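Please walk me through this structure. I am new to it and would like a short guided tour.

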Amino acid sequence: MKESPKEQDVQHRLLQEFRSDTFSQAYYRVYCILSRGMKEGDISFPLQELDTKLWSALNLLGLPSPVRIMDFGGGTGETMEPIYRKLDALNKQMIISVEEPHKGSLTEYMKLIENIGKASIDITYSGLFQDYYGHSVQDLRVMKAYPQQLQDRVLAVHVLYHLTSIFDDPFDPYENMKQAISAIYAILKPGGQMVIALHNHAVSLVGAASLKCTEVFFPPKLANHKLLFEVWQDLLLNGGIADVINASFTTFKATVQQDEVVIHVVLPTLAEVGTAVSIGCFNGRCADQSPFDERVVQFCMDYVKTDGYKHGLYLDSEGMWCYPLKTNYITIKKSANE
Ligand SMILES: C[S@@+](CC[C@H](N)C(=O)[O-])C[C@H]1O[C@@H](n2cnc3c(N)ncnc32)[C@H](O)[C@@H]1O
């Protein structure tokens, strides 16, 4: 493929920007570009009518005030903002708790809540999801990480990718997922539900590029990478997590429902597409302060040029590059066991 000067300029500028990053800084840089591409491609943004999968998965309308929501890996809150605004317009009181390791994002989330009349904050915890593993409710209260009372809804929207790194030793993605879901389930009220959003990377350009990147740069870790995708598939996409939690929480019954929606990421250059696609190489490395290896982004930029078309990459009528992203909304309900 012949590159236009603009492509070369953007690629050069982006690679320069990554040069002195840590893995953690590089992740947020990649995430910003992906977010921009998702907004551009999402016809429901800014969710004017709130006719979205997330709104219907949350199923909030029948809940009495105050609605208690805990958002794990909440980011800046931009995904939830239209939902909170809609609840505000419907006169529902909300008590929101947020866990988010990135301090700048957490501050933005808190400002957002302060600007919504009917919403108030319970706890905000600037730490990792993993901090909840294996802790009692008592421990979590001491850490100021545990919300006041049992929650109506607990969210993990595009965050469960970050539980496990292919470089972990020991490497046990099954156990990590089980611990995370159990921690969420424990703070859920009987009758409450958790909502998980997850891109199905195993069947996408992101998954293909990141697997190939592992194969080329870190071949001994390829089996780990494949196992990670298998665990997401078995536990979340195929609903196997219900049996796992039901074995641990015998007084409750978990049921899982799953819904899929395809959105298109839309970006002006292939260099930006390659950068956005590299998100699959950051699983479990968002808090990693070691120097970033920018060959990862370079590799993904090259990969989309050579193999992107095989995984749905296309140029639209306005000259923008687009690729499909399958998103799964997984709802786990907790009810009293009869
Ligand atoms: C893709 S963003 C999603 C943000 C938000 N949920 C949304 O949908 O707009 C992933 C978020 O997970 C956070 N994150 C990364 N590693 C995490 C971890 N180990 N535990 C909890 N959150 C993590 C990141 O800081 C980031 O804000």
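**From the ligand outward**

A polar backbone atom of Val 157 sits 2.8 Å from a nitrogen atom of the ligand. This is a predicted model. Gly 73 also offers a polar backbone atom, and a ligand nitrogen lies 2.8 Å from that atom. With Thr 79 the side chain takes part. One of its N or O atoms is 2.5 Å from an oxygen atom of the ligand. In total, 19 residues surround the ligand. Val 157, Gly 73 and Thr 79 are among the closest, together with Tyr 28 and Glu 100.

Now step back to the whole chain. It is divided into two domains. Domain 1 is made of two stretches, 5-48 and 158-336. Domain 2 is a single stretch, 62-151. The contact between them takes 20 residues from domain 1 and 17 residues from domain 2. The centres of the two domains, taken over C-alpha atoms, are 22 Å apart.

How much area is buried between domain 1 and domain 2? The value is about 1600 Å². Carbon and sulfur atoms give 68% of that area. On the domain 1 side, three residues stand out: Tyr 28, Val 159 and Ile 187. They supply 35% of the area that domain 1 buries against domain 2, more than any other three residues. Tyr 28 has already appeared, as one of the residues closest to the ligand.

Polar links cross the interface too. There are 6 residue pairs in polar contact between domain 1 and domain 2. Which elements of domain 1 each supply at least two residues to the side that touches domain 2? They are α2 (23-41), α7 (173-186) and β5 (188-199). Of these, α7 gives the most, with 6 residues. By type, this side of domain 1 holds 14 nonpolar, 4 polar and 2 charged residues.

The rule also finds 1 salt bridge across the interface. Glu 78 forms a salt bridge with Lys 39, and their closest N and O atoms are 2.9 Å apart.

Some backbone details remain. Two cis peptide bonds deserve a look. One runs from Ser 65 to Pro 66, with omega near -10 degrees. Pro 66 lies in the loop between α3 (53-58) and β1 (67-72). Another joins Asp 169 and Pro 170, with omega about 5 degrees. Pro 170 is placed in the loop between β4 (151-157) and α7. Finally, turn to Lys 144, in the loop between α6 (137-142) and β4. Lys 144 is not a glycine, yet its phi is positive, at about 55 degrees.

Note on methods:
Residues are numbered from 1 along each chain as its sequence is written. This is a predicted model: local features need pLDDT of at least 70, side-chain atom pairs count only at pLDDT 80 or more; totals for chains, interfaces and linings use all residues. Side-chain values use heavy atoms; hydrogens and water are left out. Domain bounds come from an automatic or database domain assignment. Contact means heavy atoms within 4.5 Å. Buried area is the accessible area (1.4 Å probe) that two parts lose on being put together, summed over both. A salt bridge is a side-chain nitrogen of Lys or Arg within 4 Å of a carboxyl oxygen of Asp or Glu. A polar contact is a pair of N or O atoms within 3.5 Å; within protein, one must be able to donate a hydrogen and the other to accept it, and residues adjacent in sequence count only if both atoms are side-chain atoms. Helices (H or I, at least four residues) and strands (E, at least two) are DSSP runs, numbered from the N terminus. Ala, Val, Leu, Ile, Met, Phe, Trp, Tyr, Cys and Pro count as nonpolar, Asp, Glu, Lys and Arg as charged, and the others, Gly among them, as polar. A residue is near a molecule or strand if one of its heavy atoms lies within 4 Å of it.
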